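Colleague: Hey, got a minute to walk me through this one? I'd like to get a feel for it before class.
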Amino acid sequence: ATDFFDTFLCDDAPHSLKSFHEDFMKEKNEMFIDMWKEQSDDNGTEGEGGGKLLSNNANNANKSLCRAIRFEHKTGAKVTRQQTYRA
């Protein structure tokens with residue numbers, strides 16, 4: 001689980017969701033991905049919405065994490081998805 005998180009999900013992952021959409025899917029619409037935040041731990045720095053910002057260290061992957069992913073389409077439509085990860 002740690003290797004998967006480090007490779008695909010952490011904020012600076014070499015094969016991140018954003019790189020997949022831009023490089024592989026050739027997506028032209030804007031994508032904004034918030035940093036991961038702990039849902040219920042008092043360690044870390046408080047982030048937007050009261051969540052705790054996490055470093056990109058896979059040792060944090062054993063906690064419940066969440067982030068928002070926003071898509072802004074050229075048509076003006078905006079979509080927001082909430083992603084949760086539990087190791």
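Modeller: Sure, let's start with one residue: Lys18 counts as partly exposed, because its relative accessibility is 32%. Keep in mind that this is a predicted model.

Colleague: What does Lys18 form a salt bridge with?

Modeller: With Glu22, and the closest N and O atoms of that pair are 3.9 Å apart. Glu22 is partly exposed too, at 41% relative accessibility.

Colleague: And how do Glu22 and Lys18 sit relative to each other in helix 2?

Modeller: They are four residues apart there, so about one helical turn separates them.

Colleague: How many salt bridges are there in the whole structure?

Modeller: Two. The other pair to look at is Asp34 with Arg70, whose side chains meet at 2.9 Å, N to O. Asp34 sits in the loop between strand 1 and strand 2, while Arg70 is in strand 5, so this salt bridge ties together parts that are 36 residues apart in sequence.

Colleague: Is Asp34 buried or exposed?

Modeller: Buried, because its relative accessibility is 18% and the cut-off for buried is under 20%. Arg70, its partner, is partly exposed at 30%.

Colleague: What else does Asp34 touch?

Modeller: If you skip the neighbours within four places in sequence, Asp34 is in contact with Asp11, Arg67 and Ala68, as well as Arg70. Take Arg67: 33 residues separate it from Asp34 in sequence, yet their C-alpha atoms are 5.5 Å apart in space.

Colleague: Okay, let's zoom out. How many helices and strands are there?

Modeller: The protein chain has two helices and six strands. Going along the sequence, the pattern reads α-α-β-β-β-β-β-β.

Colleague: And how much of the chain is buried?

Modeller: 30% of its 87 residues count as buried. As for the outside, the chain exposes about 5,900 Å², and carbon and sulfur atoms supply 48% of that.

Colleague: What about contacts between residues at least 24 apart?

Modeller: Those make up 47% of the contacts between residues at least 6 apart in sequence.

Colleague: Now the surface. Which residues form a nonpolar patch?

Modeller: Phe20, Phe24 and Met25, with about 340 Å² of accessible area together. Met25 is in the loop between helix 2, which covers 17–24, and strand 1, which covers 30–33.

Colleague: How accessible is each of those three?

Modeller: Phe24 counts as exposed, because its relative accessibility is 60%. Met25, at 47%, is partly exposed. Phe20 is partly exposed as well, with 38%.

Colleague: Where do Phe20 and Phe24 lie?

Modeller: Both are in helix 2, four residues apart, about one turn of the helix.

Colleague: Let's talk rings, then. How many aromatic pairs does the structure hold?

Modeller: Five. In one of them, Phe20 and Phe24 have ring centres 5.3 Å apart and planes at 20°, so that pair is stacked.

Colleague: Why do you give both a distance and an angle?

Modeller: Because a pair of aromatic rings is described by the distance of the centres and the angle of the planes. For stacking, the planes have to be under 30 degrees apart.

Colleague: Which residues form an aromatic cluster?

Modeller: Phe5, Trp36 and Tyr85 form one.

Colleague: Jumping back towards the start of the chain, where is Ser16?

Modeller: Ser16 is in the loop between helix 1, residues 2–9, and helix 2. It is buried, with a relative accessible area of 16%. Leaving out neighbours within four places in sequence, Ser16 contacts Thr7 and Phe8.

Colleague: Last topic: confidence. What does the pLDDT average over the chain?

Modeller: The average is 77, and 71% of the residues score at least 70.

Colleague: Where is confidence lowest, and where is it highest?

Modeller: The lowest is strand 3, residues 45–46, with a mean of 40, and the highest is strand 5, residues 64–72, at 91. Over residues 41–56 the pLDDT is below 50, and this stretch has 36 contacts in the model beyond near neighbours in sequence.

Colleague: So what should I do with the coordinates where pLDDT is low?

Modeller: Where pLDDT is low, the predicted coordinates should not be read in detail.

Definitions and conventions
Residues are numbered from 1 along each chain as its sequence is written. This is a predicted model: local features need pLDDT of at least 70, side-chain atom pairs count only at pLDDT 80 or more; totals for chains, interfaces and linings use all residues. Side-chain values use heavy atoms; hydrogens and water are left out. pLDDT is the predictor's confidence in each residue, from 0 to 100. Contact means heavy atoms within 4.5 Å. Patches are made of residues with over 30% relative accessible area and no salt bridge: like charges are joined within 9 Å, nonpolar side chains (Val, Leu, Ile, Met, Phe, Trp, Tyr) within 5 Å. Accessible areas come from the Shrake-Rupley method with a 1.4 Å probe; for residues, only the protein chains shown count as cover. A salt bridge is a side-chain nitrogen of Lys or Arg within 4 Å of a carboxyl oxygen of Asp or Glu. Buried means under 20% relative accessible area, exposed over 50%, partly exposed in between (1.4 Å probe, protein chains only). Rings of Phe, Tyr and Trp (its six-membered ring) pair if their centres lie within 6.5 Å; planes under 30 degrees apart count as stacked, over 60 as edge-to-face and the rest as tilted.
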